[in-house]
Amino acid sequence: MFVKDVTVENQVGLHARPATFFIQKANEFKSSIWVEKEERRVNAKSLLGVLSLGIMGGTDIRIIADGSDEEDAVEGLVALVKSGFNE
């Protein structure tokens, strides 16, 4: 299992468009991946799950992966979040 914390940089957070990019990226990996905000954990490959967290700009989230490409998955998703989803 590989875990990393990241702060969502873009102002509007993970609304529909950035959440879609996030899920598409998560689905590139074989590992099981979760996103955690405070005490809630959801499947990072589920649009409804990610949107249900209500992640706004400036929010700290934790990305967790478990599987054969877990480190690449977490690092790839952290890089995407840090990029601000090009917004």
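**Sheet, helices and selected residues in the predicted model**

With a relative accessibility of 33%, G67 counts as partly exposed, a value that, like those that follow, was computed from a predicted model. This glycine belongs to the loop between β4 and α3. G67 and S32 are separated by 35 residues in sequence, yet their C-alpha atoms lie 6.3 Å apart in space. S32 is itself a residue of strand β2, which spans residues 32–37.

The strands among which these residues are placed form an open sheet of 4 members, arranged in the order β1-β4-β2-β3 and paired in an antiparallel manner. Because β1 (2–7) and β3 (40–43) stand at the edges and each has a single partner strand, one side of each remains without a neighbour in the sheet. From one strand to the next, the twist averages 25 degrees. Helix α3, made up of residues 70–82, lies across β1, β2 and β4 (60–66), and the helix runs at about 5 degrees to β1.

The connection between β2 and the edge strand β3 can be described in further detail. The two strands run antiparallel and are joined by 4 bridges, and they form a hairpin with 2 residues between them. Within this pairing, K37 stands opposite R40 in β3. E38 is found in the turn of the hairpin, that is, in the loop between β2 and β3, and has a positive phi of about 55 degrees although this residue is not a glycine. The relative accessible area of E38 is 67%, so that this glutamate is classed as exposed, the cut-off for that class being over 50%. Also in this part of the model, R41 lies over the face of W34, at 5.8 Å from the ring centre. As for contacts between rings, the structure holds 0 aromatic pairs.

Helix α1 comprises residues 16–26, of which P18, A19, F22, I23 and A26 are buried. Seen down the axis of α1, these buried residues fall within an arc of 140 degrees, and they therefore line one face of the helix. In general, an α-helix has 3.6 residues a turn, so residues three or four places apart point the same way. The partners against which the buried residues of α1 pack are strands β2 and β4 together with helices α2 (47–52) and α3.

F22, which is placed in helix α1, has a relative accessibility of 0% and accordingly counts as buried, the limit for that class being under 20%. Leaving aside residues up to four places away in sequence, F22 touches V35, A44, V50, I63, L77, L80, V81 and F85. Among these contacts, V35 falls in β2 (residues 32–37), V50 in α2 (47–52), I63 in β4 (60–66), and L77, L80 and V81 in α3 (residues 70–82). Between F22 and W34, 12 residues apart in sequence, the C-alpha to C-alpha distance is 11 Å.

In the loop between β1 and α1 lies H15, a residue with a relative accessible area of 31%, which is partly exposed. H15 and I55 are 40 residues apart in sequence, whereas their C-alpha atoms are 7.6 Å apart in space.

Terms used. Residues are numbered from 1 along each chain as its sequence is written. This is a predicted model: local features need pLDDT of at least 70, side-chain atom pairs count only at pLDDT 80 or more; totals for chains, interfaces and linings use all residues. Side-chain values use heavy atoms; hydrogens and water are left out. Two strands pair if DSSP finds at least two bridges between them. Axes are lines fitted to C-alpha atoms, for helices over the stretch in contact, and angles run from 0 to 180 degrees between N-to-C directions. Contact means heavy atoms within 4.5 Å. Rings of Phe, Tyr and Trp (its six-membered ring) pair if their centres lie within 6.5 Å; planes under 30 degrees apart count as stacked, over 60 as edge-to-face and the rest as tilted. A charge sits over a ring if NZ of Lys or CZ of Arg is within 6 Å of the ring centre and within 35 degrees of the ring normal. Buried means under 20% relative accessible area, exposed over 50%, partly exposed in between (1.4 Å probe, protein chains only). The arc is that of the directions from the helix axis to the C-beta atoms.
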